[in-house]
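Here are my notes on the model you passed along. Have a look at it first, then read on.

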Amino acid sequence: MSEKNGTPDTPAGSTGPRPEPLRFFGTTWVEHDNGYTARRIAVAVGSLATAVASCLVLRFAYEGIQLADTGSFVTLLVVVMFAVCSALAYRHTWDGFSKRPDPDRQASLRGLLAIGFVGSLLAYFFRSLTEAPGENLHREEYETARKQHEGRTTRRTGNPAKKRRRT
């Protein structure tokens, strides 16, 4: 493993699948080395701290709405909007850790995910308690690619020209 960026050292010209790096983790998720546990702790603490700070900012926004005296309907509407968007963002982010999201759907939900950013941060926090967010999905894809590569490279043995013909 490279100490600089956490990617596996492979000889020049070698073929085969390479693990896809994860945000904040690089490829340390493959062997759980090079500070993987410390990174998981840092990601968990960072995402939780960011979620708490975001909730404080939303609290100030709520107080601003109260000071503006816009009425109880507008206040209720804003609170429900943030709650629903956060719940939807949480679910979307959580599902994105186990399957690849559709790029078109991701683009259409960009506004909702921006409003419900607290839900995304909380999903990131809870997933980082057990694994690097997205690790399971990447591990499955990497293992499948490795098995397919091994099947392609070990299938042919010997010289096919010397193969005896069946009669």
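What follows is a handful of numbered points, going from the whole chain to its helices.

1. First, a reminder that we're looking at a predicted model. The chain has 6 helices and 0 strands, and reading along the sequence gives α-α-α-α-α-α.

2. On the overall fold: 26% of the 167 residues count as buried. Take the contacts between residues at least 6 apart in sequence, and 68% of them join residues at least 24 apart.

3. Helix α1 covers residues 36–68, and its length checks out: at 1.5 Å a residue, its 33 residues should span 48 Å, and the end C-alpha atoms are indeed 48 Å apart. Right after α1 comes D69, with a positive phi near 55°.

4. Which residues of α1 are buried? They are Y36, V43, A44, S47, A51, S54 and I65. As background for reading that list, an α-helix has 3.6 residues a turn, so residues three or four places apart point the same way.

5. Now the pairing of α2 (residues 72–96) with α5 (residues 117–128). Their axes are 7 Å apart and the packing angle is about 40°, so the two helices are oblique to each other. The crossing of α2 past α5 is right-handed.

6. As for who touches whom there, α2 brings S86, A89, Y90, T93 and W94, while α5 offers V118, G119, S120, L122, A123, F126 and R127. By class, that contact has 7 nonpolar, 4 polar and 1 charged residues.

Key: Residues numbered from 1 in each chain as written. Predicted model: local features only at pLDDT ≥ 70, side-chain atom pairs only at ≥ 80, totals over all residues. Heavy atoms only, no water. Helix = DSSP H or I, 4+ residues; strand = E, 2+ residues; numbered from the N terminus. Expected span 1.5 Å × (residues − 1). Buried < 20%, exposed > 50% of the residue type's maximum accessible area, 1.4 Å probe, protein only. Axes fitted to C-alpha atoms, helices over the stretch in contact; angles between N-to-C directions. Parallel < 35°, antiparallel > 145°, perpendicular 65-115°, else oblique. Left-handed = near helix turned anticlockwise from the far one by under 90°. Contact = heavy atoms within 4.5 Å. Nonpolar A, V, L, I, M, F, W, Y, C, P; charged D, E, K, R; others polar.
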